[in-house]
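I opened a fresh page for this one and wrote things down as I looked them up. Here is what I want to go through.

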Amino acid sequence: MRTVVRVVGELCLPAGLVLLLFYAYLLWGTGAETDREQRVLQQRLGDVFARHGEHAGPGPVKLGDALALLRIPRLGAGYRYAVVEGVGPAELRKGPGHFPGTALPGQVGNFVLSGHRTTYAAPFNRLDELRRGDDIVVDARDARYTYEVTRKKIVDPGEVDVVDPVPGHPGKRPTTALMTMTTCHPEFSAAQRLVVQGVLVRREERQD
Amino acid sequence: MYRFLWRRLPGGTALRLAVVLLLTGAAVAALWYVVFPWLAPRVPIG
């Protein structure tokens, strides 16, 4: 019996080290993977912008391809992420994803994005710092769209009406261009969702 | 257990140490590049 207890105790040491290593991987290893993907996606997006100018059309694009460039001045001048089409695990490893079927940038309806809060470079880690009136700049293929934050709230994962064309009003026909960003809440947990919503305030020519 | 495993390794102290480092490195690489990328999306943290 003592031998069994001793062996189990000794196995706890490598098990703990593996857990620590996994934690380090979640925080930094996944981030390195996303950074690599982002470099490629942003380069491709830059090529599309340069090649087509505003004649590229707003989309849609294939799952996993770059749809637009997201910038949030409140989170720093260096905050920029290529938004990919799709919100499956494979797409969200690359960066924030656009819910297929929801409005495209600038369109009437709800332009819905989802992103990781803790892992995979955590693009939406600091969404909770946004305040009402903050700009969210979306460089799409056809133009630059600026949304203004209107509200921020925490909901249960089952409250999916936040992604409706008119949030909270399923089936209602939209008349304005809105934007919704969702991420996990709190950090290191998927128990709830942090939701930031905004409204389109400006469309202008993109400054490449 | 570790003492038992150490005694089973071939050669002197230097060779045994080299084998331990090699095996540990291989295990860490397998975890980092194969196991963790598979496991990470299955962990319920965003």
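Before using any annotation I noted the ground rules: UniProt positions are given in the numbering used here, feature names are shortened, and annotations may be inferred rather than shown by experiment. Residues are numbered from 1 along each chain as its sequence is written, with chains lettered from A and ligands numbered from 1 in the order in which they are written. This is a predicted model, where local features need pLDDT of at least 70 and side-chain atom pairs count only at pLDDT 80 or more, while totals for chains, interfaces and linings use all residues.

**Entry 1: the active site**

I looked up the record to begin with. UniProt, in an unreviewed entry, puts the feature "active site" at A:His116 and A:Cys184. The two span 69 residues in sequence, yet their C-alpha atoms are no more than 6.9 Å apart, so they gather at one spot.

Next I wanted their surroundings. I call a residue buried if 20 or more other C-beta atoms lie within 10 Å of its own, exposed if 12 or fewer, and partly exposed in between, with C-beta atoms placed from the backbone. I count two residues as in contact if their C-beta atoms, placed from the backbone, lie within 7 Å. For helices and strands I follow DSSP runs (H or I, at least four residues, for helices; E, at least two, for strands), numbered from the N terminus.

A:His116 sits in the loop between β4 and β5 of chain A. A:His116 is buried because 23 other C-beta atoms lie within 10 Å. Setting aside residues up to four places away in sequence, A:His116 touches A:Leu92, A:Ala122, A:Pro123, A:Phe124, A:Thr183 and B:Gly46.

A:Cys184 is in strand β7 of chain A. A:Cys184 has 25 C-beta neighbours inside 10 Å, so I put it down as buried. Beyond its neighbours within four places in sequence, A:Cys184 is in contact with A:Arg117, A:Ser189, A:Ala190, A:Arg193 and B:Gly46. I underlined B:Gly46, since it turns up in the list for A:His116 and in the list for A:Cys184.

**Entry 2: odd backbone spots**

Which residues other than glycine have a positive phi? I found A:Ala121, with phi near 70°, and A:Ala122, with phi of about 45°. Most residues other than glycine have a negative phi, and most peptide bonds are trans. A:Ala121 lies in the loop between β4 (109-114) and β5 (135-139), and A:Ala122 is found in the loop between β4 and β5 as well. A:Ala121 is buried because it has 23 other C-beta atoms within 10 Å. A:Ala122 has 19 such neighbours, so it counts as partly exposed.

I also found a cis peptide bond, joining A:His185 and A:Pro186, with omega about -10°. A:Pro186 lies in the loop between β7 (177-185) and β8 (192-204) of chain A.

**Entry 3: chain A as a whole**

I counted two helices and eight strands in chain A. From the N terminus on, the order is α-β-β-α-β-β-β-β-β-β. The C-alpha atoms fill a box of roughly 75 × 40 × 30 Å along the principal axes. Of the 208 residues in chain A, 36% are buried.

UniProt (unreviewed entry) also places a "transmembrane region" at residues 7-28 of chain A. I checked that stretch: 100% helix, 0% strand, with its end C-alpha atoms 32 Å apart.

**Entry 4: the nonpolar core**

By nonpolar core I mean a set of buried Ala, Val, Leu, Ile, Met, Phe, Trp, Tyr and Cys residues joined through C-beta atoms within 7 Å. The largest one has 34 residues, and those with the most contacts inside it include A:Ala68, A:Val83 and A:Val138. β1(A) gives the largest share, five residues. I followed A:Ala68 further: its contacts, apart from neighbours within four places in sequence, are A:Val83, A:Pro105, A:Val138, A:Asp139 and A:Ala140.

**Entry 5: where chain B comes in**

How many residues does each chain bring to the contact? I get 19 from chain A and eleven from chain B. On the side of chain A, α1(A) supplies the largest share, nine residues.
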